[in-house]
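This briefing covers one helix and one sheet. The structure comes first, then the points by topic.

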Amino acid sequence: MILVLIEHRDGQPDIPSLQTLSFARSLAAQTGDSIEAVAFGPDSLAGRLRDHGVSRYHSIADEQLMAYASEAWAVSLKQLADLISPKVLLAPGSIKGNEVMAYVGALSALSVVTNVCQVDAGNDWRVTRSSWGGSLFEKVLIDQDLALLTMANNNVEASESAVDVCDTVSFTPALEKKYFRAQVKSLENPVDEGMSLKTAPVVIGGGRGVGSSEGFGVLEELGEILKGVVGGSRVTTNNGWRAHRHQIGLTGNHISPKLYIACGISGAIQHMAGCKNSDNILVINTDENAPILSHADYGVIGDLHEIVPAIIKEIKNS
Amino acid sequence: MNILVCIKQIPDVGGKIKLSEDGRDIDSTNLGLTISPHEECAVEQAIQLVKAEGGSATVLTLGIADSENQLRDSLARGMNKGVLLHTEISNWNANQIAHAITDTIKKMETDNGSFDLILFGSESADRGNAQVGILVAHALDRPSVNGINGLEIAGNIALIKRDSDEGTENYELDLPAVLSVKDGMNLPRFPSLKGTVMAKKKPIQFIEVQPDDTGIGFLKFEPTPEQSKQAVILGTGPEAAADVVQVLKKLELLR
């Protein structure tokens, strides 16, 4: 049996968890296993879980676990796994999913494979994980009675595939006080900034070639005309030309606009990790051999300080 | 305040990763080494905390002899001393790395007293397993939060902020604690010329280490499919603006 950790918001499983269930079903098709789910949440999740192929839902509704506590959650999962002996424990590749699974691994003296894209479940399990910020696949071998896996983000679509019934079983873990030594004390709601780098249909990115914070002026102007949002590579945030929250890259925002206009950005893999899900990439760069051109759809060779104003003028004239 | 920061040196690959013939290593011929942005912020945090609270900041890495350069770079920024867990064997997995670091920390703490804080980057820029900090925290029986965006020390308590999908989480952890830092928590300084000169005289302890037989079996790397695309060059210089506008219209971003 494959056991999937579900995270939820407002009484509904979140999208990464539903994607994880889609992945679990493709794995179950190889192994012939059933899919069960576990959540730190109410019975009412069962309906949506049934729609996504879960035949049994283990609800852990202990009041003290409702505020996230990594170790307490992990101890609970381990106790449940010891009881029902799943072949796989699979979690979303979220901040919590990865953290809890690392603890489950530590508690069980087992290895965890994170960022999983694919599993070939033969005699020994060959797992493909995303590595180097998504630039490489890494193939690993696991030989454990319980495989501990977390998902690569947005690797599969969250699709429905209902089963007839999803039983709900309540599980009550035995927890010591010390497992709550890292627990969320309070939660500040995210600030709604309107259109963000993550949601904008057009993103304009500046890199080293922009040269200064003033240099971003023309990018801002183009952004306004195209109703887009302006971000920067890590060079620009490290030099203080842009705030860190505007960083596009592996360690900043991961964007997926209809068009990404990359100005003066060479295209280090850490930057590409943040923008490769763009539908189209237009590059403006002085270097015709810039690595970013081998990831882009369109290129203009030359100085962005001349080309971007020319584009703005052309748009105004047309 | 006694702080240990663990960093990992990786090849500075630039725009394209070249693999060795058997796919088990990055072909790092002609490549420099660097560390992950997360770890640069961990180093910066340690330097700021020691400046404010007094004490000492140690930087540790596990890697080949050349990794000494990454330690010297951290020392040039203001860390006080370095530890190099030396191995010429590549592809250590997260469990092997965590075991070697834990063993070293235990020995160091027996000799010099406990670290108040042990900092990691939230994930390495190469394999990105995002586990070593937690494995070390568990082995040392200390509280831990992975991927933090803010840290303040109030007496014996670490006040922590972490951004999750739901919003910003606030934690209060008793020290000693193990924390993994996310890029953007601070603006890492660059090494100064004076710092670089001084770093040459700062102590680095060399310890030989071997991987144990735990963890996941690594097979090989493979390139991802989208690595070979070639852009259509619309033109050179400002004259290309009209063609750019055509593209914007084609994508229905302009009418």
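Two strands pair if DSSP finds at least two bridges between them; helices (H or I, at least four residues) and strands (E, at least two) are DSSP runs, numbered from the N terminus. The model is predicted: local features need pLDDT of at least 70, side-chain atom pairs count only at pLDDT 80 or more, and totals for chains, interfaces and linings use all residues. Residues are numbered from 1 along each chain as its sequence is written, chains are lettered from A and ligands numbered from 1 in the order in which they are written, and side-chain values use heavy atoms, with hydrogens and water left out.

**Sheet**
- Leu159(B) has Glu172(B) in β10(B) as its bridge partner.
- Strands β9 (residues 157-164) and β10 (residues 167-174) of chain B run antiparallel and are joined by eight bridges.
- Four strands make up an open antiparallel sheet, in the order β12(A)-β10(B)-β9(B)-β8(B).
- β12 (186-188) of chain A and β8 (150-154) of chain B are at the edges with a single partner strand each, so one side of each lacks a neighbour in the sheet.

**Helix α3(A)**
- Helix α3 (residues 70-84) of chain A has 15 residues and should span 21 Å at 1.5 Å a residue (1.5 Å times one less than the number of residues); the end C-alpha atoms are 21 Å apart, which agrees.
- Its buried residues (under 20% relative accessible area, 1.4 Å probe, protein chains only) include Trp73(A), Val75(A), Leu77(A) and Leu80(A).
- The buried residues of α3(A) pack (heavy atoms within 4.5 Å) against elements including α4 (95-108) of chain A and β7 (144-148) of chain B.
- Ser85(A) follows α3(A) and has a positive phi, near 45°.

Definitions and conventions:
Buried means under 20% relative accessible area, exposed over 50%, partly exposed in between (1.4 Å probe, protein chains only).
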